[in-house]
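Colleague: I'm new to this one, and I'd like to know what stands behind the labels. Could you pull it up and talk me through them?

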Amino acid sequence: MEYLYIISAILFGLIVYVLVSGMRLRKAVTNLTQEQFIEGYRKSQLIDVREPKEFDNGHILGARNLPNSQLRQRYKEIRPDKPVYLYCQSGSRSARTALFLKKKGYNQVYQLQGGFRQWTGKVKSKN
C-alpha cells in the first residue's frame, strides 16, 4: 500500500512539472501563424534552431542557422535590440530557445507556430 502512495506522489509531481513547464514556455514566446511570421521576419533576425544537417536539407529563405545545441556558446550573436523570429521542425526546440533568450534579457521573441513542418513559403536548400 505504501508503494501506491509513493507512485501517486511521483505521478502528481510529474503532472505539476509538465503543466508549469508548459506555462513557462507559453509565456516566453509569442506563437505566430505563417501569415504573421511572414509579415515581420524580414525586419527581424530570422533564426533556424535546428541542427546543420536539417538546415541544409531546407530552410526558410533568409534564415541563419544557430542550432539549439550551440545556443549557450553563441547566443550573443543575436542582437537583443531587434525582434527575434525562431523556428525549428515542430516548435519544441524553438520554444526552449525562446525561454533561454528571455532569461538572457531578450524581449521580442517570436516563433513559427507548427514549425518548419507547417511552412509553405519560400525555401532554400543546400542539397
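Colleague: How do you know whether R50 counts as buried or exposed?

Modeller: This is a predicted model, and the label comes from relative accessibility. R50 has 2%, and buried means under 20%, so R50 counts as buried.

Colleague: What makes R50 and D48 a salt bridge?

Modeller: Their closest N and O atoms are 2.7 Å apart. The cut-off is within 4 Å, so the pair qualifies. D48 is buried as well, because its relative accessibility is 0%.

Colleague: And why can side chains like that pair at all?

Modeller: Opposite charges can do so when their charged atoms come close. A search of the whole structure gives 4 salt bridges. Among them is D81 with R79, again with 2.7 Å between the closest N and O atoms.

Colleague: Why is E77 called partly exposed?

Modeller: Its relative accessible area is 39%. Partly exposed runs between the 20% and 50% limits, so that's where E77 falls. R74 has 24%, so R74 is partly exposed too. The side chains of E77 and R74 meet in a salt bridge, at 2.8 Å from N to O.

Colleague: What about L4, then: how do you know if it's buried or exposed?

Modeller: L4 has 52% relative accessibility. Exposed means over 50%, so L4 makes it into that class. You'll find L4 in helix α1, residues 2–28. Its C-alpha atom is 45 Å from that of Y75, with the two positions 71 residues apart along the chain.

Colleague: What makes K103 count as exposed?

Modeller: The value is 60% and the limit is over 50%, so exposed it is. K103 belongs to helix α5, residues 92–103, and helps form a positive surface patch with R72, K76 and K104.

Colleague: On to the rings. Why is the pair of F37 and W119 called edge-to-face?

Modeller: There are 7 aromatic pairs in the structure. In the one formed by F37 and W119, the planes are 75 degrees apart and the centres 6.1 Å apart. Pairing needs centres within 6.5 Å, and edge-to-face needs over 60 degrees, so the name fits.

Colleague: What makes it a link between distant parts of the chain?

Modeller: F37 is in helix α2 (residues 34–40), while W119 is in the loop between β6 (109–112) and β7 (123–124), 82 residues apart. Both F37 and W119 are buried. They also belong to one aromatic cluster, together with Y41, Y85 and Y110.

Notes
Residues are numbered from 1 along each chain as its sequence is written. This is a predicted model: local features need pLDDT of at least 70, side-chain atom pairs count only at pLDDT 80 or more; totals for chains, interfaces and linings use all residues. Side-chain values use heavy atoms; hydrogens and water are left out. Helices (H or I, at least four residues) and strands (E, at least two) are DSSP runs, numbered from the N terminus. Buried means under 20% relative accessible area, exposed over 50%, partly exposed in between (1.4 Å probe, protein chains only). Patches are made of residues with over 30% relative accessible area and no salt bridge: like charges are joined within 9 Å, nonpolar side chains (Val, Leu, Ile, Met, Phe, Trp, Tyr) within 5 Å. Accessible areas come from the Shrake-Rupley method with a 1.4 Å probe; for residues, only the protein chains shown count as cover. Lys and Arg count as positive and Asp and Glu as negative; His and the chain ends are not counted. The place of a charge is taken as NZ of Lys, CZ of Arg, CG of Asp or CD of Glu. Rings of Phe, Tyr and Trp (its six-membered ring) pair if their centres lie within 6.5 Å; planes under 30 degrees apart count as stacked, over 60 as edge-to-face and the rest as tilted.
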